[in-house]
Each structure stands twice: as structure tokens, then as C-alpha cells.
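Here's a friendly walk through a protein model, meant for someone opening it up for the first time. Have a look at the picture below, and then we'll go through the cysteines, the empty spaces, the core and a few odd spots in the backbone.

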Amino acid sequence: MIKIENLTCAYNGKQVLDDISLSIPDGRLTILLGLNGSGKSTLLKTVLGLNEKAAGKVYIDGEDADAMSSKQLAQKIAYMSQSRSTPSIQASRMVLHGRFPWLSYPRRYSEKDYEIVDNALRYVDAESIRNEMLTELSGGQVQKIYIAMALAQDTPVLFMDEPTTFLDVPHQLKLMSLARSLADDGKAVVLILHDLCLALKCADEIILLDKGKLAAHASPEEIFRSGMIEKVFNVKINRTLTGKGYQYYYEQE
């Protein structure tokens with residue numbers, strides 16, 4: 001479990017996160033929502049120690065994150081950022097980078113490392129492109145490789161910032177199914193999404209940020225009934241009950 005207490009973060013004198021307190025439990029799919037600039041990516045990066053805190057504390061499994069080394073943090077949390085380069089490297093070699101936190105230097109991969117990479121590539125349906133160079137792949141294929149690299153890190157917590165970017169609809173749904181499976185296996189899975197309907201349909205919990213403040217942290221049902229989506233995003237979402245549960249949709253004026 002990740003526990004965040006009174007977390008505040010500022011850039012160039014401008015406050016980006018304002019006194020955020022919440023917990024992210026294991027075995028749950030948590031989706032982070034908010035307008036651009038609301039502090040979503042900043043929250044994840046600050047938990048990871050990539051951004052300096054102005055105030056507050058982060059605890060990972062009861063341990064103060066400030067007392068953990070970068071390697072220890074990387075053994076706890078895998079992070080797929082929103083902005084990534086596309087280096088000239090073979091896809092499977094890129095996925096092997098996910099094993100770095102578990103290796104000493106010089107890095108020597110074991111059979112277990114290669115097995116974990118194979119499983120990660122299989123999870124994201126990317127086995128057929130394992131020998132391709134990243135620079136020769138489409139945006140959606142590159143996205144799959146970065147997701148596989150995060151999975152290969154084999155951590156109890158997984159952060160993914162806009163993982164559905166570049167993926168077509170079938171693969172977006174497959175990704176959400178994968179996230180669900182990982183959460184069901186006991187991982188704490190946190191995704192940043194812009195698709196509000198997909199978030200309401202798939203999440204166990206939703207964290208809603210508004211201008212750097214915590215606007216809500218609740219179940220999709222509670223978020224939907226509260227009207228906070230309409231208040232923060234100025235859009236109206238409705239739903240209809242089907243044989244596969246509620247289907248959410250944007251309601252036009």
C-alpha cells in the first residue's frame with residue numbers, strides 16, 4: 001500500500017499539488033483523472049521521488065520513501081511515463097531494461113530474467129515484434145513494448161501515465177483487461193487516463209484532481225452519483241445498464 005500524507009509540490013514558485021492525502025491500496029485498479037495541468041503526472045512522479053516535495057510524506061508498505069534508494073524504489077514501483085524516447089534498440093532488449101533494478105553491475109541476465117521478458121511480451125501481444133527495432137515500429141507497437149518493460153520490472157506497484165495513447169480501441173480494452181488481471185493478482189495498479197467513460201467502467205477507485213487539489217477519491221459509483229465529473233470537466237456523462245454492466249457515454253446538450 002502507498003500512503004500519501006499532506007503532499008505539496010511546487011515548480012518555479014507555483015504550487016502544483018496542494019496538501020494531498022490519500023492511500024492507494026494493493027489489489028485495486030485506481031484511475032487518476034483530472035484536466036491537463038491538474039497535477040496527475042506530478043503526483044506520480046513525486047511519489048517516485050522524481051519531483052522534490054515542498055511538504056508531506058510518502059510511505060510505501062509502511063516505509064518512508066525518503067529513506068529508500070532509487071533502486072529500492074524501482075523494486076517497489078514500475079513507472080511508464082507519458083513522454084518517452086524511441087531509441088534504436090531491439091524491442092526485446094528494451095523490455096530487458098525492466099530487469100535493471102534487480103541486477104547488480106555488470107548486468108548479467110539469468111534464465112529467469114529472459115522468462116519474465118517472454119511473459120511480458122506475451123501479455124501485451126508483442127511476441128511477433130520482439131526482434132524488431134523500436135525505430136521501425138508504429139506508435140502503438142512502441143507503446144506495447146514500453147508497457148511490457150514496465151511489466152518485466154515485476155513490482156508490487158505499477159504506475160502508467162496515459163498507457164492507452166496510440167493504441168486502437170481493441171488494444172485499449174485489452175490493456176484495461178490486463179490492468180484488471182494485475183490488480184486481481186494483488187498489485188496496486190494506477191493509471192492516468194483521459195477517457196472518463198472507460199475510467200468509470202473499469203476502475204475500482206478513482207482519484208479526481210482539480211487544480212492541484214484532491215477533489216474526490218471514491219468508487220466509480222460514488223464519483224458518478226456525486227456529479228464531480230460534470231463539475232470538474234464541464235461534461236455530462238450518463239449510463240445505461242446492459243448485460244455486461246453499466247455502459248457510460250457522453251451526453252450531448
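The sulfur of C197 is 11 Å away from the closest cysteine sulfur, the one in C202, and that's too far for a bond. A disulfide would need the two sulfur atoms within 2.5 Å. By that rule, the count of disulfides here comes to zero. Keep in mind that this is a predicted model. C197 itself is buried, with a relative accessible area of 10%. Another cysteine, C9, sits at 0% relative accessibility and so counts as buried too.

**Empty spaces**

Where is there room left inside or along the protein? Rolling a probe the size of a water molecule over the atoms shows where empty space is left. Here's what turns up:

| Space | Volume | Lining by class |
|---|---|---|
| Largest pocket | about 400 Å³ | eleven nonpolar, five polar, one charged |
| Second largest pocket | about 230 Å³ | eight nonpolar, two polar, three charged |
| Largest cavity | about 90 Å³ | six nonpolar, one polar, two charged |

Start with the largest pocket. Its lining is made of 17 residues, and L50, A74, I77, Y79 and Q153 are the ones nearest its centre. Helix 2 (70-76), strand 6 (77-80) and helix 5 (139-152) are the elements that give two or more residues to that lining.

Next comes the second largest pocket, lined by 13 residues, with Y123, L151, D154, L182 and K187 nearest its centre. Helix 4 (111-123), helix 5 and strand 7 (157-161) each put in at least two residues. Helix 4 has the largest share of this lining, with four residues.

How many cavities of 30 Å³ or more does the structure hold? The count is one. Around the largest cavity you'll find Y123, V124, K144, I147, L167, H171, K174, L175 and L178. Two elements, helix 5 and helix 6 (169-184), give two or more residues to this lining, and helix 6 has the largest share with four. If Y123 rings a bell, that's fair: it is among the residues nearest the centre of the second largest pocket, and it also lines the largest cavity.

**The core**

Now for the packed parts. The largest nonpolar core has 58 residues, and L29, L33, I145 and I147 touch the most other members. Helix 5 gives the most to this core, with nine residues. A second, separate core holds 26 residues, including L7, I24, A65 and L209. I147 is another name to keep in mind, as it belongs to the largest core and also lines the largest cavity.

What does L29 touch, leaving out residues up to four places away in sequence? The list runs M176, A179, R180, A183, V189, L191, C202, A203, D204 and E205. C202 is a familiar one: its sulfur is the closest cysteine sulfur to that of C197.

Helix 1 (residues 40-47) is mostly covered as well, with six of its eight residues buried. Those six are K40, T42, L43, L44, T46 and V47.

**Odd spots in the backbone**

Just after helix 1, G49 takes a positive phi of about 80°. Two residues other than glycine have a positive phi as well. E162 has a phi near 55°, and N234 has one near 60°.

Where do these two sit? E162 is in the loop between strand 7 and helix 6, while N234 is in the loop between helix 9 (228-233) and strand 11 (237-242). Are they buried or exposed? E162 has 7% relative accessibility, so it counts as buried. N234 has 70%, so it counts as exposed.

One last stop is a cis peptide bond, running from Y105 to P106, with omega near 0°. P106 lies in the loop between helix 3 (91-96) and helix 4. Helix 4 is also the element with the largest share of the second largest pocket's lining.

Methods
Residues are numbered from 1 along each chain as its sequence is written. This is a predicted model: local features need pLDDT of at least 70, side-chain atom pairs count only at pLDDT 80 or more; totals for chains, interfaces and linings use all residues. Side-chain values use heavy atoms; hydrogens and water are left out. On a 1 Å grid over the protein atoms alone, a cavity is a set of points where a 1.4 Å probe fits but cannot get out, and a pocket is an open set with protein on both sides within 12 Å along at least five of seven lines; lining residues have an atom within 4 Å of a point. Grid points are joined across faces, edges and corners, and a volume is the space filled by probe spheres set on the points. Ala, Val, Leu, Ile, Met, Phe, Trp, Tyr, Cys and Pro count as nonpolar, Asp, Glu, Lys and Arg as charged, and the others, Gly among them, as polar. Buried means under 20% relative accessible area, exposed over 50%, partly exposed in between (1.4 Å probe, protein chains only). A nonpolar core is a set of buried Ala, Val, Leu, Ile, Met, Phe, Trp, Tyr and Cys residues joined through side-chain atoms within 4.5 Å. Contact means heavy atoms within 4.5 Å.
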